[in-house]
Amino acid sequence: MTGAELMTVVGFFMAISGALWGVWWRIEGRVDRAKAEAVQKATEAAVEAASVRADLAAHKLHVAEHYITKAGMRETRDEIMDAIHGVKTAVDHMTARVDRIVENQVKRPTTRS
């Protein structure tokens, strides 16, 4: 092998290795850029998750302050039903009293003119 042939072979292998190195360099750049974007998105997601947690906690507090429990609802229903029962009893007694008043009225004889 002569010097010129040797230089051609060495130049060919250097060109191929340079092309491969250039391709590898571009791939590494894209991988690094993708990693940076992933870290940024993860950070944004963590901030949004913290915001959602705070909103959920505020909503839970609002619900706890403004809404009634099942036990509280049962107590309230029982009180209302007792009040309705009392009104029904009072109306029943009122009817009985009116009936007694009507029964005790003196019947006047009707006169024909």
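Met1, Leu6, Val9, Val10, Phe12, Phe13, Met14, Ile16 and Leu20 together form a nonpolar patch on the surface, with an accessible area of about 950 Å². The model in which this patch appears is a predicted one. One of the patch residues, Ile16, has its place in helix 1. Ile16 counts as partly exposed because its relative accessibility is 36%, a value between the limits of 20% for buried and 50% for exposed residues.

Gly11 also belongs to helix 1, which covers residues 3–66. With a relative accessible area of 36%, Gly11 is partly exposed. How far apart in space are Gly11 and Glu75? Their C-alpha atoms are 94 Å apart, with these positions 64 residues apart in sequence numbering.

The overall architecture can now be considered. The protein chain contains 2 helices and 0 strands. Its C-alpha atoms occupy a box of roughly 160 × 35 × 20 Å along the principal axes. The radius of gyration of the protein chain is 47 Å, whereas a compact globule of 113 residues would have a value near 13 Å. Buried residues account for 1% of the 113 residues in the protein chain. The exposed area of the protein chain comes to about 10900 Å², and carbon and sulfur atoms supply 65% of that area.

Charged side chains form the next topic. The protein chain carries 16 positive and 15 negative side chains. The centres of these two sets lie 12 Å apart. How many salt bridges does a search of the whole structure find? The search finds 2 salt bridges.

One salt bridge joins Arg77 to Asp78, with 3.4 Å between the closest N and O atoms. This distance meets the criterion because a side-chain nitrogen of Arg needs to lie within 4 Å of a carboxyl oxygen of Asp. Arg77 counts as partly exposed, at 47% relative accessibility. Its partner Asp78 is likewise partly exposed, with a relative accessible area of 39%.

Another salt bridge brings together the side chains of Asp92 and Lys88, at an N to O distance of 3.2 Å. Where do Asp92 and Lys88 stand with respect to each other in helix 2? Helix 2 comprises residues 70–103, and because Asp92 and Lys88 are 4 residues apart in it, about one helical turn separates them. Asp92 counts as partly exposed, at 42% relative accessibility.

Helix 2 also holds Glu79. Is Glu79 buried or exposed? Glu79 is exposed, because its relative accessible area is 56% and the limit for exposed residues is over 50%. The C-alpha atoms of Glu79 and His62 are separated by 26 Å, and the two residues are 17 residues apart along the chain.

Beyond this element, Gln105 is found in the segment after helix 2. At 54% relative accessibility, Gln105 counts as exposed. Gln105 and Leu6 are 99 residues apart in sequence, and their C-alpha atoms are 142 Å apart in space. Leu6 is one of the residues of the nonpolar patch with which this account began.

Terms used:
Residues are numbered from 1 along each chain as its sequence is written. This is a predicted model: local features need pLDDT of at least 70, side-chain atom pairs count only at pLDDT 80 or more; totals for chains, interfaces and linings use all residues. Side-chain values use heavy atoms; hydrogens and water are left out. The radius of gyration is taken over C-alpha atoms; the globule rule is 2.2 Å times the number of residues to the power 0.38. Buried means under 20% relative accessible area, exposed over 50%, partly exposed in between (1.4 Å probe, protein chains only). Accessible areas come from the Shrake-Rupley method with a 1.4 Å probe; for residues, only the protein chains shown count as cover. Lys and Arg count as positive and Asp and Glu as negative; His and the chain ends are not counted. The place of a charge is taken as NZ of Lys, CZ of Arg, CG of Asp or CD of Glu. Patches are made of residues with over 30% relative accessible area and no salt bridge: like charges are joined within 9 Å, nonpolar side chains (Val, Leu, Ile, Met, Phe, Trp, Tyr) within 5 Å.
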